[in-house]
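This report introduces the structure shown below to a reader who is new to it. Please keep the structure in view while reading.

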Amino acid sequence: MPACAKILGVLMVVLTLPMPAALAQGPGLDAAGHPWWQHAVFHEIYPRSFADSNNDGVGDLNGISSKLGYLKDLGVDAIWITPCFPSPQVDFGYDVTDYEAIDPMYGTLADFDKLAASARQHHIRIILDFVVNHTSDQHPWFLDSKSSRTSAHRDWYIWRDGKGPQRPPNNWTSTFGTPAWAYDPTTQQYYYHYFYPQQPDLNWRNPAVEKAMLDTTRFWYERGVSGFRLDAVDTLFEDPALKDNPPAPGTDRFGRPATREIYNKKLPEVHTALKALRTVADEYHAVLIGETWTSDVAQLREYYGEQNDELQLPMDLLLNGLPFSASVYRQHVAAVDSAGGWPVYVISNHDITRSYTRYADGRHNDEIAKLMAAFYLTLRGTAIMYYGEEIGMENNDPRSKEEVQDPEGKLGWPLEKGRDGERTPMQWTAGANAGFSSGKPWLPVPASAKTHNVSSEEKNPRSILETYRSLLAMRHHQAALLEGDYFSVNSDDPNVLAYLRRYQDESILVVLNFSNQSQQAKIDVPSSGYISLLSSGATLDNGYRTISLEPFAFYIAKLTK
Ligand code: NOJ
């Protein structure tokens with residue numbers, strides 16, 4: 001039986017299946033017996049840039065509280081707030097001076113408690129960002145550590161003698177463009193920092209450090225936090241013999257001779273630390289999300305732990321670096337899906353060019369943004385969105401070195417422009433400062449805020465925002481999208497990626513045109529027709545057997561028997 005001959009714009013049919021909602025601070029398992037984080041949609045918030053309640057140009061916790069209704073309507077189950085702890089803000093919060101307080105620029109612990117209470121009412125969980133590898137150089141632990149070679153905290157960081165005058169202990173480099181060793185004249189030793197010199201690495205080989213960090217997680221779990229995104233987990237341990245990293249071909253992004261970072265990254269001891277963090281997390285039904293940059297899927301698999309006793313959600317950060325291509329994505333999803341862990345797909349974050357800009361072709365930018373959403377939000381696994389992705393925010397990179405705020409951009413200009421471009425204020429309205437603040441925002445708002453903002457897009461059923469809302473509502477209501485397996489159906493098509501999500505006797509078909517040409521997709525699946533759920537730029541022709549797709553269109557349907 002051919003069903004639904006024509007699909008106009010974005011159309012959605014919501015079936016009335018029970019919604020396995022993630023209950024904030026509720027039980028570890030949802031109504032369907034799954035850990036809550038498997039079916040939750042996570043939304044990353046960069047607090048400096050989300051909503052500014054006191055109009056000082058920088059976002060804050062009360063600002064986030066004021067937008068919980070928006071997040072709930074969007075279909076978000078959990079927010080990950082990037083570091084909001086006291087910090088000199090050298091790395092905009094990834095340099096912490098107190099892990100158990102809130103930076104005054106963002107509010108107070110009381111504001112955090114208010115946010116947590118309100119989030120609970122909205123059935124939204126809170127995930128904090130835990131900077132486990134390093135502190136600020138202004139943290140009391142480090143101030144004590146550098147005060148003398150015999151101080152109580154000396155061994156909380158990595159201190160070593162140089163090889164001689166002006167000669168650091170080895171050839172390791174910081175990822176932000178400086179040497180990885182900083183000389184301290186008072187105690188005449190070098191300390192190690194994988195990131196900025198103001199971010200000394202903690203010594204995770206010291207049990208006191210591990211204990212302090214585990215206690216911090218308890219502090220926040222007791223306050224109602226449902227988990228952590230663990231920052232830079234692969235950098236936690238270093239080779240105690242400090243062997244030089246071997247040379248690699250070419251140069252790094254700062255133009256320095258490249259090295260293979262085998263002695264200061266991804267050491268096996270990382271897994272011991274992750275297991276310890278997981279043991280505490282399990283006591284609270286909490287989730288650990290990893291910032292897991294890996295070079296392949298096999299490496300990603302290791303972060304789940306051999307007994308699935310490390311990270312529940314190591315992020316697949318490989319996806320965002322792949323060429324935009326149906327064939328490449330087909331291969332990648334098949335690999336991640338069969339790797340044995342619960343997949344975690346991400347297409348944007350505060351360190352990489354926004355997905356809208358990355359995939360834009362100049363002609364079909366909005367269609368491409370909707371297509372990418374239809375793709376990663378219908379895969380098996382957990383999705384983590386980045387604020388503003390849902391309205392098609394684009395990068396607004398600094399045009400001159402003077403404009404740059406991110407020290408990485410100051411150090412690396414012009415080769416490396418830093419990360420300001422992907423961190424600009426959330427675009428709420430077409431008005432002044434995109435409705436983010438009535439004060440001067442800490443980063444400039446791009447001209448595209450006039451068209452790509454929440455208020456305008458809410459009025460347009462075909463907007464990127466409304467497509468995200470429809471996709472997320474569908475995802476929450478369709479058991480096959482939550483539970484179903486992933487089954488590729490047109491494995492040879494170089495332009496159109498199509499797959500089924502199959503659960504019990506239900507199948508949902510997802511068809512995605514990754515080309516800039518119209519395509520006629522003939523999908524050979526065992527069914528008598530389709531019940532169209534959601535589409536953009538697609539029609540059914542010749543009965544239901546051919547799906548006509550405009551450039552970058554998508555079509556999602558339930559199969560009938
Ligand atoms: C990864 C974070 O995402 C990034 O923003 C930060 O600069 C580094 N880790 C250092 O903490």
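Which strands does helix H7 lie across? Helix H7 lies across S3, S7 and S10, and runs at about 150° to S10. The model described here is predicted.

## The sheet

An open sheet of 8 strands, paired in parallel, has the order S11-S10-S7-S3-S2-S1-S13-S12. Strands S11 (313-314) and S12 stand at its edges with a single partner strand each, so one side of each has no neighbour in the sheet.

Besides H7, helix H4 also lies across strands of this sheet: H4 crosses strand S2 (78-81) and S3, and its direction is at about 140° to S3.

## Strand S13 and its partners

Strand S13 comprises residues 382-386, and 5 of its 5 residues are buried. In a regular strand, side chains alternate between the two faces of the sheet. On one side of S13 are Thr 382, Ile 384 and Tyr 386, and on the other are Ala 383 and Met 385; all are buried, and both faces are thus covered.

Strand S1 (residues 41-45) runs parallel to S13 and is joined to S13 by 4 bridges. Phe 42 stands opposite Ile 384, and His 43 has Met 385 as its bridge partner. Strand S12 (residues 344-346) also pairs with S13 in the parallel sense, over 3 bridges. Here Val 344 has Thr 382 as its bridge partner.

## Helix H6

Helix H6 (residues 207-222) has 16 residues and reaches 22 Å from its first C-alpha to its last, close to the 22 Å expected at 1.5 Å a residue. Its buried residues are Val 209, Ala 212, Met 213, Leu 214, Thr 216, Thr 217, Trp 220 and Tyr 221.

What covers these buried residues? The cover includes helices H4 (109-121), H5 (140-145) and H7 (269-283), together with strands S3 (125-130), S7 (227-230) and S10 (287-290).

## Helices H11 and H14

Two packed helices are described by the angle between their axes and the distance between the axes. For helix H11 (residues 365-376) and helix H14 (residues 464-477), the angle is about 10° and the axes are 10 Å apart. Helices H11 and H14 are therefore roughly parallel to each other, since angles under 35 degrees count as such.

Asp 366, Ala 369, Lys 370, Ala 373, Ala 374 and Tyr 376 of H11 meet Ile 464, Thr 467, Tyr 468, Leu 471 and Arg 475 of H14. By class, this contact between H11 and H14 has 7 nonpolar, 1 polar and 3 charged residues.

Definitions and conventions:
Residues numbered from 1 in each chain as written. Predicted model: local features only at pLDDT ≥ 70, side-chain atom pairs only at ≥ 80, totals over all residues. Heavy atoms only, no water. Buried < 20%, exposed > 50% of the residue type's maximum accessible area, 1.4 Å probe, protein only. Helix = DSSP H or I, 4+ residues; strand = E, 2+ residues; numbered from the N terminus. Pairing = 2+ DSSP bridges. Axes fitted to C-alpha atoms, helices over the stretch in contact; angles between N-to-C directions. Parallel < 35°, antiparallel > 145°, perpendicular 65-115°, else oblique. Contact = heavy atoms within 4.5 Å. Nonpolar A, V, L, I, M, F, W, Y, C, P; charged D, E, K, R; others polar. Expected span 1.5 Å × (residues − 1).
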